[in-house]
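Q: Could we go through this protein together, starting from the overall layout and then turning to single residues?

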Amino acid sequence: MLPPARIRFVHVAMHKVDFRKSHQGLLAECYLMDLDPFAGDVVLFVGRCRRRMKLLFADESGLWLCFKLFNSESIKTKFRFLSDPEVKQISGGRAADVLRRIGLYGRQKNKISSDNRSLSE
């Protein structure tokens, strides 16, 4: 579950990010894309193997970094990485759906299907 925080927009980083990075490294990636987690931007980073996700956001007390590792049956996505740092904002409904499916917001209803439009569109 996400802690109460002011969420302005949810963004998906569309480029490969070194998943060895932690809070400060991912914050630097956000700043490269003109995003500010302290202003309410939530950024979702997808791992190279597409089975790992990191979610970076901030509240009044500091930065939050959530990590999810999916088993091979639970996620199949057609997510394609770009070579240059770029971000895509996703709508509130899709954002809630993605966050719910990865277990960070509300209750998980079902597994992510092979037609995962929330991340690939």
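The conversation below moves from the whole chain to its parts.

A: Before we begin, please note that this is a predicted model, in which local features need pLDDT of at least 70, side-chain atom pairs count only at pLDDT 80 or more, and totals for chains, interfaces and linings use all residues. Residues are numbered from 1 along each chain as its sequence is written, and side-chain values use heavy atoms, with hydrogens and water left out.

Q: How many helices and strands are there?

A: The protein has three helices and five strands. Helices (H or I, at least four residues) and strands (E, at least two) are DSSP runs, numbered from the N terminus. Read from the N terminus on, the order of elements is β-α-β-β-β-β-α-α.

Q: Where is the confidence highest, and where is it lowest?

A: Confidence is highest in H1, at a mean of 95, and lowest in helix H3 (residues 117–120), at a mean of 45. The score here is pLDDT, the predictor's confidence in each residue, from 0 to 100. For the protein, the mean pLDDT is 77, and 70% of the residues reach 70 or more.

Q: Which residues have a pLDDT below 50?

A: The pLDDT is below 50 over residues 108–121. Beyond near neighbours in sequence, this stretch has 33 contacts in the model, where contact means heavy atoms within 4.5 Å.

Q: New topic: how much of the protein is buried?

A: Of the 121 residues, 45% count as buried. Buried means under 20% relative accessible area, exposed over 50%, and partly exposed in between (1.4 Å probe, protein chains only).

Q: Which residues have the most contacts inside the largest nonpolar core?

A: They are Cys-30, Met-33, Val-43, Phe-45 and Leu-56, in a core of 13 residues. A nonpolar core is a set of buried Ala, Val, Leu, Ile, Met, Phe, Trp, Tyr and Cys residues joined through side-chain atoms within 4.5 Å.

Q: Which elements give two or more residues to this core?

A: H1, strand S2 (41–46) and S3 do so. H1 gives the most, with three residues. There is also a second, separate core of 12 residues, which includes Val-10, Cys-66, Phe-70 and Ala-95.

Q: Back to Cys-30: what does it touch?

A: Not counting residues up to four places away in sequence, Cys-30 touches Leu-35, Pro-37, Val-43, Phe-45 and Leu-56. Its relative accessible area is 0%, so Cys-30 is buried.

Q: What about Cys-49, and how many disulfides are there?

A: Cys-49 is partly exposed, because its relative accessible area is 42%. The structure holds zero disulfides, a disulfide being a pair of cysteine sulfur atoms within 2.5 Å.

Q: Where does Glu-29 lie, and is it buried or exposed?

A: Glu-29 lies in helix H1 (residues 23–32). It counts as buried because its relative accessibility is 10%.

Q: Which side chain makes a polar contact with that of Glu-29?

A: The side chain of His-15 does, at 3.0 Å. A polar contact is a pair of N or O atoms within 3.5 Å; within protein, one must be able to donate a hydrogen and the other to accept it, and residues adjacent in sequence count only if both atoms are side-chain atoms. Leaving out residues up to four places away in sequence, Glu-29 touches His-15, Val-17, Lys-21 and Phe-45.

Q: Now Asp-59, please. What do we know about its place?

A: Asp-59 is in strand S3 (residues 52–59). With a relative accessible area of 15%, Asp-59 is buried. The Asp-59 side chain has a polar contact of 2.8 Å with the side chain of Ser-61, and another of 2.8 Å with that of Trp-64.

Q: In what sense do S3 and S4 pair?

A: S3 and strand S4 (residues 62–69) pair in the antiparallel sense over eight bridges. Two strands pair if DSSP finds at least two bridges between them. A hairpin of two residues joins S3 to S4, and Met-53 has Lys-68 as its bridge partner in S4.

Q: One last thing: what is phi like at Asp-34 and Arg-50?

A: Asp-34 has a phi near 60°, a positive value in a residue other than glycine. Asp-34 is found in the loop between H1 and S2, and counts as exposed because its relative accessibility is 71%. Arg-50, which is not a glycine either, has a positive phi of about 65°. Arg-50 lies in the loop between S2 and S3, and its 28% relative accessibility is why it counts as partly exposed.
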